[in-house]
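Hi everyone, thanks for having me. Please have the sequence and the picture in front of you, and follow along as I walk through a few places.

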Amino acid sequence: MKRKEMELRVPAIPFTFVAHTLGIAALVLVLVWNIHFRGGFAWEATNKNLIFNLHPLLMLLGLILLGGEAIISYKSLPLKKQVKKIIHLVLHALALALGIIGIYAAFKNHNESGIANLYSLHSWIGIGVIVLYGIQWIYGFLIFFYPGGSPTLMSKTMPWHVVFGLLVYVLAVANASLGFLEKLTFLENSGVAKFGSEAFLVNFTALITILFGAFVVISVLSEAPAPIEDD
């Protein structure tokens, strides 16, 4: 009853479709930005900026998009509970892996360019997010998947797992926006026009990322479709 009281009295499915559309749009925009304006991607290159370009792509694709899809999949898919659990687990694992690689790409760029690490609020929050994300995934795996906790433990900790997961996700979206702002500020200080097409593209990408996160949260608070089995 308590979980039902927290739900919005509207179906979740329409919100998930909007979230999917926004997620695709954000991914396309970040690809256009890094390929058209920033020169593309590389893991090894004399132009170290190409290494850094992997960072926003992987962080957006991982923690934001796949992480968001993992959250809404558990709520919106009309599948059996065990199937939804596996989808939820795998998507979060992929999100975490891409996030770790994305952070490593930023460190690799800084180290090879002679730039200091962990000097900004964005980097501090980013490390915190990836650590909390990892803790959340490990806890979910051990308690709700394998070997699994007792029914009493799962029942009592499920609300906390949901709330903590949403808080970490909202923090990730906020930090992504902070990252877009930080990078655009650096670019503008290096000569990129403040009212140019690249600046508008980056700002719109950040806005769409925020909207995607908002619709993920709204979909979680909305009514789920009828399950195939009684949860």
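Let's start at Gly114, which comes right after helix 5 and has a positive phi, near 75 degrees. This is a predicted model, by the way, so please keep that in mind for everything I say. Now look back along helix 5 itself, residues 81–113. How far should its 33 residues span? At 1.5 Å a residue, the answer is 48 Å, and the end C-alpha atoms are indeed 48 Å apart, so the two agree.

Go a little further along the chain to Leu118, in the loop between helix 5 and helix 6. Leu118 is not a glycine, and yet its phi is positive, about 55 degrees. Is Leu118 buried or partly exposed? With a relative accessibility of 41%, Leu118 counts as partly exposed.

Now to a pair of helices. Helix 2 covers residues 13–37 and helix 4 covers residues 54–76, and their axes lie 11 Å apart. How do they run relative to each other? The packing angle is about 170 degrees, and angles over 145 count as roughly antiparallel. Helix 2 and helix 4 are therefore roughly antiparallel to each other. On the helix 2 side, the residues making the contact include Ile13, Ala19, Gly23, Val30 and Trp33. On the helix 4 side, they include Pro56, Leu57, Leu60, Leu65 and Glu69. What kinds of residues are these? The contact of helix 2 with helix 4 has 13 nonpolar residues, five polar ones and one charged one.

Let's zoom in on one of them. Val30 sits in helix 2, and at 0% relative accessibility it counts as buried. Setting aside neighbours within four places in sequence, Val30 touches Pro56, Leu57, Leu60, Phe180 and Thr205. If you want a distance to check, the C-alpha atoms of Val30 and Leu50 are 14 Å apart, with their positions 20 residues apart along the chain.

Next, the inside of the protein. The largest nonpolar core has 42 residues, and the ones that touch the most other members are Trp33, Ile64, Tyr169 and Phe212. Where do the core residues come from? Helix 2, helix 4, helix 5, helix 6, helix 7 (151–189) and helix 8 (197–221) each give two or more. Which of these helices gives the most? That is helix 4, with ten residues.

Phe212 is a nice one to click on. Leaving out neighbours within four places in sequence, Phe212 is in contact with Ala19, Leu22, Gly23, Ile64, Leu65, Gly68, Glu69 and Tyr169. Let's follow one of those partners, Gly68, which is found in helix 4. Gly68 counts as buried, at 0% relative accessibility. With the same neighbours left aside, the contacts of Gly68 are Leu63, Tyr169, Phe212 and Val216. Gly68 and Gly23 are 45 residues apart along the chain, and their C-alpha atoms are separated by 8.9 Å.

Now over to helix 6, residues 121–145, where you can find Gln136. Buried or exposed? Gln136 is buried, with a relative accessible area of 14%. Beyond neighbours within four places in sequence, Gln136 is in contact with His161, Phe164 and Gly165.

Helix 6 also holds Ile143. Ile143 is buried too, with a relative accessible area of 12%. Leaving aside neighbours within four places, Ile143 contacts Gly148, Gly149, Leu153, Met154 and Thr157. Take Met154 from that list: Ile143 and Met154 are eleven residues apart along the chain, and their C-alpha atoms are 6.7 Å apart.

Moving on, Pro147 lies in the loop between helix 6 and helix 7. Is the peptide bond from Tyr146 to Pro147 cis or trans? It is cis, with omega near 0 degrees.

My last stop is Gly179, in helix 7. Its relative accessibility is 15%, and Gly179 therefore counts as buried. How far is Gly179 from Leu121 in space? C-alpha to C-alpha, the distance is 9.3 Å, although Gly179 and Leu121 are 58 residues apart in sequence.

That's my tour. Thanks for listening, and do stop me afterwards with questions!

Methods
Residues are numbered from 1 along each chain as its sequence is written. This is a predicted model: local features need pLDDT of at least 70, side-chain atom pairs count only at pLDDT 80 or more; totals for chains, interfaces and linings use all residues. Side-chain values use heavy atoms; hydrogens and water are left out. Helices (H or I, at least four residues) and strands (E, at least two) are DSSP runs, numbered from the N terminus. The expected span of a helix is 1.5 Å times one less than its number of residues. Axes are lines fitted to C-alpha atoms, for helices over the stretch in contact, and angles run from 0 to 180 degrees between N-to-C directions. Angles under 35 degrees count as roughly parallel, over 145 as roughly antiparallel, 65 to 115 as roughly perpendicular and the rest as oblique. Contact means heavy atoms within 4.5 Å. Ala, Val, Leu, Ile, Met, Phe, Trp, Tyr, Cys and Pro count as nonpolar, Asp, Glu, Lys and Arg as charged, and the others, Gly among them, as polar. Buried means under 20% relative accessible area, exposed over 50%, partly exposed in between (1.4 Å probe, protein chains only). A nonpolar core is a set of buried Ala, Val, Leu, Ile, Met, Phe, Trp, Tyr and Cys residues joined through side-chain atoms within 4.5 Å.
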